[in-house]
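This briefing goes through one protein model by topic. Please keep the sequence and the 3D view open while reading.

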Amino acid sequence: MIAVHFDKPGGPENLYLKEVAKPSPGEGEVLLKVAASALNRADLLQRQGQYAPPPGASNILGLEASGHVAELGAGYQGPWKVGDPAMVLLSGGGQAQYVTVPAELLMPIPAGLTMCQAAAIPEAWLTAFQLLHLVGNVQAGDSVLIHAGASGVGTAAIQLARMVGATPLVTAGSQQKLQIAEKLGAAAGFNYKEEDFSEATLKFTKGAGVNLILDCIGGSYWEKNVNCLALDGRWVLYGLLGGADVNGPLFSKLLFKRGSLITSLLRSRDKKYKQMLVKAFTEQILPHFSTEGPQRLLPVLDRVYPVAEIQEAHEYMETNKNVGKIVLELPQ
């Protein structure tokens with residue numbers, strides 16, 4: 001099969017398509033023929049040699065995919081049949097023509113969605129769902145500050161926060177990104193390049209601050225985050241795009257707010273946790289992708305590239321211009 005490959009860590013120019021062995025599904029697994037996959041920041045980090053796949057995971061890039069069930073592993077007795085359309089959360093391996101997956105991690109594709117739209121759901125939406133509900137314990141009436149509001153996770157988190165009756169606020173780096181975030185349901189958006197998002201957040205909340213922060217930036221935002229966190233607020237850290245180092249009195253400021261700093265990753269979680277997450281998401285959230293009406297959820301796609309243009313796709317993600325997901329189509 002064809003798969004995205006790189007021989008040594010480095011820039012996008014190191015990526016190419018390589019013929020590799022097609023995997024075989026083990027016990028309790030199915031083989032998915034991949035129609036589309038999507039890019040994640042983790043792919044860029046892995047390509048740069050900064051984010052190794054978890055032990056036992058495929059070293060091929062790709063944390064999500066959509067396609068059709070091609071083969072069932074030995075002794076599989078579950079509901080999935082060969083030919084069924086499905087989408088899946090992966091620890092790696094999605095940017096190839098075939099990938100093996102534990103059957104429990106497969107999700108049905110909501111009616112009315114294309115394969116490209118489906119490929120844009122698993123990683124971003126399961127991350128947003130996990131951060132808001134399982135980690136951040138979001139409640140109706142909460143105000144939620146979502147950094148990188150126009151990213152895959154950001155566009156999902158806005159919609160999921162709205163759905164539960166919370167008020168989503170976002171930061172982003174352009175007017176266009178803020179407009180799209182507001183279209184999706186953000187109550188307000190702040191351009192971090194032009195204003196102090198912390199002061200703007202305090203102004204919007206009439207000085208109270210936000211109950212929950214979803215933060216993929218880290219180091220460079222710590223002071224502003226603590227500044228606009230409400231008393232007893234939860235600050236959920238799930239990325240370090242703004243660096244890993246903190247200089248200054250983080251603990252005293254956080255203690256003064258009685259704030260909680262909680263960290264979370266999804267890729268490194270065990271199979272049992274991911275199964276639980278997929279099951280909850282499938283039951284509670286998935287139906288809302290195909291229901292008509294104001295509660296309808298929408299995966300946001302920025303661009304679709306044929307997988308042969310993998311270098312261009314990575315270069316485009318590195319410009320930080322995308323609104324929503326960058327999707328890769330696999331040859332059928």
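The points below cover the annotated domain, the nonpolar core, one helix in its surroundings, charged pairs, cysteines and some loop residues.

The model is predicted. Its largest nonpolar core has 97 residues, and the structure holds 7 salt bridges and 0 disulfides.

**Annotated domain**

- An unreviewed UniProt entry places the feature "domain: Enoyl reductase (ER)" at residues 10-328.
- Over residues 10-328, helix accounts for 29% of the chain and strand for 25%.
- The C-alpha atoms at the two ends of this range are 20 Å apart.

**Nonpolar core**

- Within the largest nonpolar core, the residues with the most contacts are Leu106, Trp125, Leu132, Leu214, Phe281 and Phe289.
- Helix α3, residues 122-135, gives the most to this core, with 8 residues.
- Leu106 touches several valines, namely Val30, Val69, Val88, Val101 and Val278, when residues up to four places away in sequence are not counted.
- On the same count, Leu106 also touches Leu32, Trp80, Ala86 and Met87.

**Helix α6 and its surroundings**

- Helix α6 spans residues 197-204, and its buried residues are Phe197, Ser198, Ala200, Thr201 and Leu202.
- These buried residues pack against four strands, β8 (143-146), β9 (167-172), β10 (188-191) and β11 (210-215), and against helix α7 (222-227).
- At the start of α6, the backbone nitrogen of Ser198 has a side-chain oxygen of Asp196 within 2.8 Å.
- Just after α6, Lys206 has a positive phi of about 55°.

**Salt bridges**

- Lys253 and Glu223 form a salt bridge through their side chains, at 3.9 Å from N to O.
- This pair links distant parts of the chain, with Lys253 in helix α8 (residues 250-256) and Glu223 in helix α7, 30 residues apart.
- Both partners are partly exposed: Lys253 has a relative accessible area of 34%, and Glu223 has one of 41%.
- Lys279 and Glu283 form a salt bridge at 3.0 Å from N to O.
- Both Lys279 and Glu283 belong to helix α9 (residues 271-284), where they are 4 residues apart, about one turn of the helix.
- An α-helix has 3.6 residues a turn, so residues three or four places apart point the same way.
- Lys279 and Glu283 are both exposed.
- Arg303 pairs with Asp302 in a salt bridge, and their closest N and O atoms are 3.9 Å apart.
- Arg303 is partly exposed at 39% relative accessible area, and Asp302 is partly exposed at 25%.

**Cysteines**

- Why does Cys228 form no disulfide? Its sulfur is 14 Å from the closest cysteine sulfur, in Cys216, which is too far for a bond.
- The cut-off for a disulfide is a pair of cysteine sulfur atoms within 2.5 Å.
- Cys228 is buried, with a relative accessible area of 0%.
- Cys116 is also buried, with a relative accessible area of 12%.

**A buried loop residue**

- Gln95 lies in the loop between β5 (85-89) and β6 (98-102).
- Is Gln95 buried or exposed? Its relative accessibility is 0%, so Gln95 counts as buried.
- Leaving aside neighbours within four places in sequence, the contacts of Gln95 include Ala3 and Val4, as well as Ser37, Ala38, Leu39 and Asp43.
- Further contacts of Gln95 include Ile60, Leu61, Gly62, Ile310 and Leu328.

**Positive phi in loops**

- Asn137 has a phi near 50°, a positive value in a residue other than glycine.
- Asn137 lies in the loop between α3 and β8, and is partly exposed with a relative accessible area of 46%.
- Arg258 has a positive phi of about 50°, although Arg258 is not a glycine.
- Arg258 lies in the loop between α8 and β13 (260-263), and counts as partly exposed at 49% relative accessibility.

Key: Residues are numbered from 1 along each chain as its sequence is written. This is a predicted model: local features need pLDDT of at least 70, side-chain atom pairs count only at pLDDT 80 or more; totals for chains, interfaces and linings use all residues. Side-chain values use heavy atoms; hydrogens and water are left out. Buried means under 20% relative accessible area, exposed over 50%, partly exposed in between (1.4 Å probe, protein chains only). Contact means heavy atoms within 4.5 Å. A polar contact is a pair of N or O atoms within 3.5 Å; within protein, one must be able to donate a hydrogen and the other to accept it, and residues adjacent in sequence count only if both atoms are side-chain atoms. A nonpolar core is a set of buried Ala, Val, Leu, Ile, Met, Phe, Trp, Tyr and Cys residues joined through side-chain atoms within 4.5 Å. UniProt positions are given in the numbering used here, feature names are shortened, and annotations may be inferred rather than shown by experiment. A salt bridge is a side-chain nitrogen of Lys or Arg within 4 Å of a carboxyl oxygen of Asp or Glu.
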